Amino acid sequence: MREFIAQFIYWLPLFVIFVVWLAFTSGAARRQRSMAEIGRENTEAVRQNTDARKALLAKLDSQPKQ
């Protein structure tokens with residue numbers, strides 16, 4: 001039993017580092033997925049704004065000049 005405890009204490013720092021690393025990488029992956037979704041939403045918003053701008057410019061160009 002004493003040898004088991006000694007081995008456990010020997011490997012504990014490595015195990016703790018591994019658990020912290022897993023927690024950090026899973027959090028980073030979650031943030032990356034979130035940022036990718038925001039990027040897709042922003043791209044769609046820019047596309048819609050571009051279409052609206054084109055429609056507005058076409059409407060203004062079709063009006064008679066004063």
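**Aromatic pairing, helix geometry and salt bridges**

In this predicted model, W11 has a relative accessibility of 46% and therefore counts as partly exposed, since that class lies between the limits of 20% and 50%. Its neighbour in the description that follows, Y10, is exposed, with a relative accessible area of 58%. A search of the whole structure identifies two aromatic pairs. In one of them, the ring centres of Y10 and W11 are separated by 5.3 Å and the ring planes stand at 90°, so that the pair is classed as edge-to-face.

Helix α1 comprises 61 residues, running from residue 2 to residue 62, and at 1.5 Å a residue a span of 90 Å is expected; the C-alpha atoms at its ends lie 90 Å apart, in agreement with that expectation. A bend of about 40° is nevertheless found in α1 at L12, with a proline, P13, following within four residues.

Two salt bridges are present in the structure. In one, the side chains of E37 and R40 meet with an N to O distance of 3.1 Å, and both residues belong to helix α1, where they are three residues apart, or about one turn of the helix. Of these partners, R40 is exposed, with a relative accessible area of 53%, whereas E37, at 36% relative accessibility, counts as partly exposed. The other links E44 with R47, whose closest N and O atoms are 3.0 Å apart; these residues likewise lie in helix α1 at a separation of three residues, about one turn of the helix. Here E44 counts as partly exposed at 35% relative accessibility, and R47 is also partly exposed, at 46%.

Note on methods:
Residues are numbered from 1 along each chain as its sequence is written. This is a predicted model: local features need pLDDT of at least 70, side-chain atom pairs count only at pLDDT 80 or more; totals for chains, interfaces and linings use all residues. Side-chain values use heavy atoms; hydrogens and water are left out. Rings of Phe, Tyr and Trp (its six-membered ring) pair if their centres lie within 6.5 Å; planes under 30 degrees apart count as stacked, over 60 as edge-to-face and the rest as tilted. Buried means under 20% relative accessible area, exposed over 50%, partly exposed in between (1.4 Å probe, protein chains only). Helices (H or I, at least four residues) and strands (E, at least two) are DSSP runs, numbered from the N terminus. The expected span of a helix is 1.5 Å times one less than its number of residues. The bend at a residue is the angle between axes fitted to the seven residues ending there and the seven starting there. A salt bridge is a side-chain nitrogen of Lys or Arg within 4 Å of a carboxyl oxygen of Asp or Glu.
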